[in-house]
Amino acid sequence: MAAYVFARQIWEKPDSVLGFAIGSTPVGMYRCLIDMYNGGMVDFSQVTTFNIDEYYPMSKVSPQSRDSYMWENLFSHINVRRERVYLPNGGAADPQRACDEYEKLLIDRGGIDLQLLGIGRNGHIAFIEPGESMRVNMHVIDLTEDTIKANARFFESADHVPRRALTMGIGSIMNAGRVLMLASGTAKAPVVKQMFSGVITPCVPASMLRLHPDVVVLMDEDAASLL
Ligand code: GLP
């Protein structure tokens with residue numbers, strides 16, 4: 001279903017700007033998009049893509065980078081043009097400057113038409129961590145212990161997880177034409193419940209999506225089990 005939301009976006013607007021996210025959850029959707037591409041159902045030749053976040057520091061060529069994930073799970077298998085693929089630069093010497101440049105590129109390309117999001121166990125979207133306030137634009141953020149622990153599975157150990165990240169701000173996400181959120185597994189059930197029925201607060205960044213006019217949430221029964 002998630003792949004169809006993306007395919008429909010491209011059918012309606014072949015030069016769409018797509019916002020992509022990584023994680024375990026979207027892997028199946030990317031696989032379906034590859035199948036659709038191989039079946040001649042969808043053409044990525046005119047799309048532009050932006051990824052929403054990256055660890056900092058993170059070398060582009062590291063197996064844990066967004067670059068590696070996206071090329072391995074999607075881009076190498078479809079006809080997206082390399083020059084229209086944008087990923088935050090986790091290797092930049094000046095991370096805030098890299099964020100400002102990325103934000104400008106995104107604005108120049110007209111903003112995001114369809115943004116894919118997952119959800120962290122602590123309610124984060126992209127790497128916008130829970131806190132008392134949220135920044136509007138792309139920025140550098142300190143990761144919470146919970147996020148470091150949750151993502152340790154992709155590294156040798158929690159000690160190897162970078163402590164900081166570059167993340168889109170809530171402004172770019174709220175400005176996206178449409179948002180598609182995917183959630184799966186019982187570990188996400190408590191936060192999914194909070195997102196839908198708690199107060200709207202930066203302490204649960206995903207709760208902000210209730211203020212967005214066009215959000216699709218797709219989840220499995222486990223993630224929805226407390227609703
Ligand atoms: C990371 C990413 C998020 C993603 C989350 C959930 O923290 N920054 O964008 O939504 O993981 O990932 P998973 O799908 O693996 O549970």
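**View A. Ala 126 in the loop between β5 and β6.** In this predicted model, the stretch linking β5 (114–117) to β6 (139–142) is a loop, and Ala 126 is part of it. Take a look at the backbone here: phi of Ala 126 is positive, at about 50°, even though the residue is not a glycine. Ala 126 is also buried, since its relative accessible area is 8% and anything under 20% counts as buried.

**View B. A cis peptide bond at Tyr 56 and Pro 57.** The bond that joins Tyr 56 to Pro 57 is cis, with omega at about -5°. As for where Pro 57 sits, look in the loop that runs between β3 (53–56) and α3 (66–73).

**View C. The ligand and the residues around it.** The ligand takes up the space of the largest pocket. There are 14 residues around the ligand, and those that come nearest are Ser 24, Thr 25, Asp 53, Arg 153 and Lys 188. Sort the shell by type and you get six polar residues, four charged and four nonpolar.

**View D. Polar side-chain atoms facing the ligand's N and O atoms.** Start with Thr 25: an N or O atom of its side chain is 2.4 Å from an oxygen atom of the ligand. With Asp 53, the partner is a nitrogen atom of the ligand, 2.8 Å from a polar atom of the side chain. Asn 151 joins in too, with a side-chain N or O atom 3.2 Å from a ligand oxygen. How much of the ligand does the protein bury? On its own the ligand exposes 390 Å², and the protein buries 93% of that.

Note on methods: Residues are numbered from 1 along each chain as its sequence is written. This is a predicted model: local features need pLDDT of at least 70, side-chain atom pairs count only at pLDDT 80 or more; totals for chains, interfaces and linings use all residues. Side-chain values use heavy atoms; hydrogens and water are left out. A residue is near a molecule or strand if one of its heavy atoms lies within 4 Å of it. A polar contact is a pair of N or O atoms within 3.5 Å; within protein, one must be able to donate a hydrogen and the other to accept it, and residues adjacent in sequence count only if both atoms are side-chain atoms. Accessible areas come from the Shrake-Rupley method with a 1.4 Å probe; for residues, only the protein chains shown count as cover. On a 1 Å grid over the protein atoms alone, a cavity is a set of points where a 1.4 Å probe fits but cannot get out, and a pocket is an open set with protein on both sides within 12 Å along at least five of seven lines; lining residues have an atom within 4 Å of a point. A molecule sits in a cavity or pocket if more than half of its atoms lie within 2 Å of its grid points. Ala, Val, Leu, Ile, Met, Phe, Trp, Tyr, Cys and Pro count as nonpolar, Asp, Glu, Lys and Arg as charged, and the others, Gly among them, as polar. Helices (H or I, at least four residues) and strands (E, at least two) are DSSP runs, numbered from the N terminus. Buried means under 20% relative accessible area, exposed over 50%, partly exposed in between (1.4 Å probe, protein chains only).
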